[in-house]
Every structure is written in C-alpha cells, then in structure tokens.
Amino acid sequence: MRRVLFITNSISFGGAAKMLCFVAESLVARGHEVVIVNLRATENVTEYERTIAGAEIVTLDAVPNGKNRHIYRISKIKKIAKDKHSDVVISFTTFPNMYASVVGKLLHIPSIISERGDPNRTIGNSVKDKIVTFIINNASGGVFQTDGAKEFYGNGLQKRGAVIPNPIFIKGEIPKIPYAQRKKTVVSVGRLDNEQKRLDIMLKSFAIFVKTHPEYILKLYGRGTQEAEIKQWCIDLGVQDKVKFMGLTTQPMQDIASDGIFLITSDYEGISNSLLEAMAVGLPCVSTDHTPGGARLLIQDHENGLLAPIADAEALARALCEFAENPELAKKCGENARDVVNRFEPSGIIDMWEDYIDKVYGGIQ
C-alpha cells in the first residue's frame, strides 16, 4: 500500500482531469491512500466539481497578491506532502509536473510526471519554458500516452519513463446500433477550442462534404468560450442550418450511438477520449493524424477508421465522402473499431500504473 499525492490544475475539467480521477479512484479501490492537491488553475470548472470516494481533496487558496505563484504553490504542496507522509507524488500537465519534480527532490521521495497532450505544442522554446522542461526532466519517472510525447523529454526521463495509454471509460451498457439504422449525421464531441480542436477546419470540411451529401447534418457536443465565434463561421460558410450545437453531454456513448460518422479534426491530442468512445460504440471514425501519435495508435487506416492530414479540410471531406458513399467500408471500420473496448480495458491500464508506481518507488528506496 502506498500513500500517493496527486497534483492537478483541476479535478473537473478536460481529459487530464478525467484520467487523474480514474487513476486516483482505482488506486483507492486497491487499498492505497490518496490525497489530491487541486490547484483550481483552470477557469469555469465549478459546474463540474466532483469528489472521489476514499480520497482526500485539498484545494489550494488563490495565490496572495505579491507572491510568486510557483514558489507559493511548491511551498504549500511540500507541506501537504510532508504532513501526509506521502510515499510518491504524481502530477498531471505541465506546471503540476514541475511542482512534483521539485517537491520530490525537496522531500527525497519519488515523483512521477504525467504528460497528457503534445508537449511540442504546449511547451514553447522561451528561456522560461526551457527551465520548466529542465526541472521536469529531473523527475523520478514519467507516464506518457504515446512514444511521440515521451520523445520530447530528455534521454534520462525517457529511459525512466513508461508509455501507458488511456483506458476506455464505459458507463452502463455499450449501445450497439446496426449500421443500417444509423442516421445521416456527422458528429463530434469536444471542447469548443479552435487552437487545438480546429473547428474552423471541421466546418470547412463539412461545408465541402455537404455540397454532395446534403442529407447530412453536423452535430457538435461541447461548450467553450469560442462558441459564438464558431456559430458565426457557420453563417460565413452557409452551413448554419446544417450544424446543430448540442451542448454538453454526460453520456457521450449513448448520445452518439446512432449517429453516422464521427469526426475529430484536432491538430494535437494525447489519446482522445471522445475518439475512443466513438470507436467503442462502432461509429465509422474520421480523424486527423494529430500529434504526438494518439490517433495513429488507435486507428489503422481503412481497417477500423480513416486518417487524414492535420489542417487539410479537403482531405477530411474526401474521407467523409468515402464513408458516406461506401457503406461496406463504413460498416467494416465501425465493427472493427469496437475492439478498443478490449485493447484499452481499464483494469489492464491501472495494472500498468500500479506496477510502474511500485517500480519507481522501489528504485528510489
């Protein structure tokens, strides 16, 4: 049994929070003591604030005026870790990863950073970014979703690290809709954030596609600060009557189960939870071959989905046409996609986490 301290920007917003909660809940269920330091550094999360049965959640106060936020947070986290007699500290995303590495060194306990996206996109080349990366590289270990993400970091951390993919999260029964009963819809699930998700490319590709397939509509599940801007893009492209903004969903697999084609147009992702969920319910999926390799890990082109280059609206439109015009291919890819349920089964993924935590802990002692 280990006393594990997690550090996160949020326990309620985004894929990193979802993964952290999965790991924390699973470790609690296996008898480990878990404390989560919640920085609440992500805006607009109160609607989703959650608790984790058996885990203690400590939410840090706002950084006082005049205080350096990093030094303040490191001091607070160090005190919590010391008071809780933590055996290991685990962090999710860039600044928490830096804090974990520092606190681990200060307390002489192992630290495990977890990269949840594409560090080539989220960490720049400024002097400050290089200092952050240097500190992270000194962590005791690291968990990465793909080899491409791991290769961003120093050789030492790469050697000490492990690639552990996301699991597929399943709530209730997995809907199984026959292909013949699927609707003439293209559906996407994700934050309405254009920098990463590239809704501009999605709308352009759909506008091209719908010219030859006017029976289709595009359904967008999600919220974000750019929603009004994205709606204006629909008007500019003349597809405002063909795009439906569905709002948030708490049961994505059930809500998209009868849709026709799933579309994700991100420039970068870790391993997309929404893509995993769409594959689990058997949707024919079109995805950009986003960095650092998550889509390519999930999809074998023309076997269980279709891949297209990032930021290429015409290539994405051709992929949508290929599924719309070739039902046999769409049916085959949808049926083959369901195998992610076996490939990314949660108990196997948490076994990998638990084994790796023990390995890092044993290497420090």
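Helix H14 (residues 313–325) and helix H15 (residues 327–337) pack with their axes 5 Å apart and at an angle of about 100°, where helices (H or I, at least four residues) and strands (E, at least two) are DSSP runs numbered from the N terminus. Axes are lines fitted to C-alpha atoms, for helices over the stretch in contact, and angles run from 0 to 180 degrees between N-to-C directions. H14 and H15 are therefore roughly perpendicular to each other, on a scale in which angles under 35 degrees count as roughly parallel, over 145 as roughly antiparallel, 65 to 115 as roughly perpendicular and the rest as oblique. On the H14 side, Glu322, Phe323 and Glu325 meet Pro327, Leu329, Ala330 and Cys333 of H15, contact being defined by heavy atoms within 4.5 Å. By class, this contact of H14 with H15 has five nonpolar, no polar and two charged residues; Ala, Val, Leu, Ile, Met, Phe, Trp, Tyr, Cys and Pro count as nonpolar, Asp, Glu, Lys and Arg as charged, and the others, Gly among them, as polar.

The model is predicted: local features need pLDDT of at least 70, side-chain atom pairs count only at pLDDT 80 or more, and totals for chains, interfaces and linings use all residues. Residues are numbered from 1 along each chain as its sequence is written, and side-chain values use heavy atoms, with hydrogens and water left out.

A second helix pair is formed by H3 (residues 94–107) and H5 (residues 127–137), which pack at an angle of about 50° with their axes 8 Å apart. That angle makes H3 oblique to H5. The residues Thr94, Phe95, Asn97, Met98, Ser101 and Val102 of H3 meet Val132, Ile135 and Ile136 of H5. Six nonpolar, three polar and no charged residues make up the contact of H3 with H5.

H3 is also followed by a backbone feature: His108, in the loop between H3 and strand E5 (111–115), has a positive phi of about 60° although it is not a glycine. His108 counts as exposed, at 68% relative accessibility (buried means under 20% relative accessible area, exposed over 50%, partly exposed in between; 1.4 Å probe, protein chains only). His302 likewise has a positive phi, of about 70°, without being a glycine. It lies in the loop between H13 and strand E13 (306–308) and is partly exposed, with a relative accessible area of 30%. Most residues other than glycine have a negative phi, and most peptide bonds are trans. A cis peptide bond, with omega about 5°, joins Thr291 and Pro292; Pro292 is placed in the loop between strand E12 (285–288) and helix H13 (294–298).

Helix H12 (residues 273–280) is largely enclosed by the rest of the structure, because eight of its eight residues are buried. Gly282, which follows H12, has a positive phi near 85°.

Arg198, in the loop between helix H8 (194–197) and helix H9 (199–212), is buried at 17% relative accessibility. Leaving aside neighbours within four places in sequence, Arg198 is in contact with Asp193, Thr265, Asp267 and Ala311. The C-alpha atoms of Arg198 and Thr265 are separated by 5.9 Å, although the two are 67 residues apart along the chain.

The count of disulfides comes to zero, a disulfide being a pair of cysteine sulfur atoms within 2.5 Å. Cys234 is in no disulfide, and the nearest cysteine sulfur, that of Cys321, is 18 Å away. Cys234 is buried, at 1% relative accessibility. The sulfur of Cys321 is 15 Å from the closest cysteine sulfur, in Cys333, too far for a bond; Cys321 is buried, with a relative accessible area of 16%.
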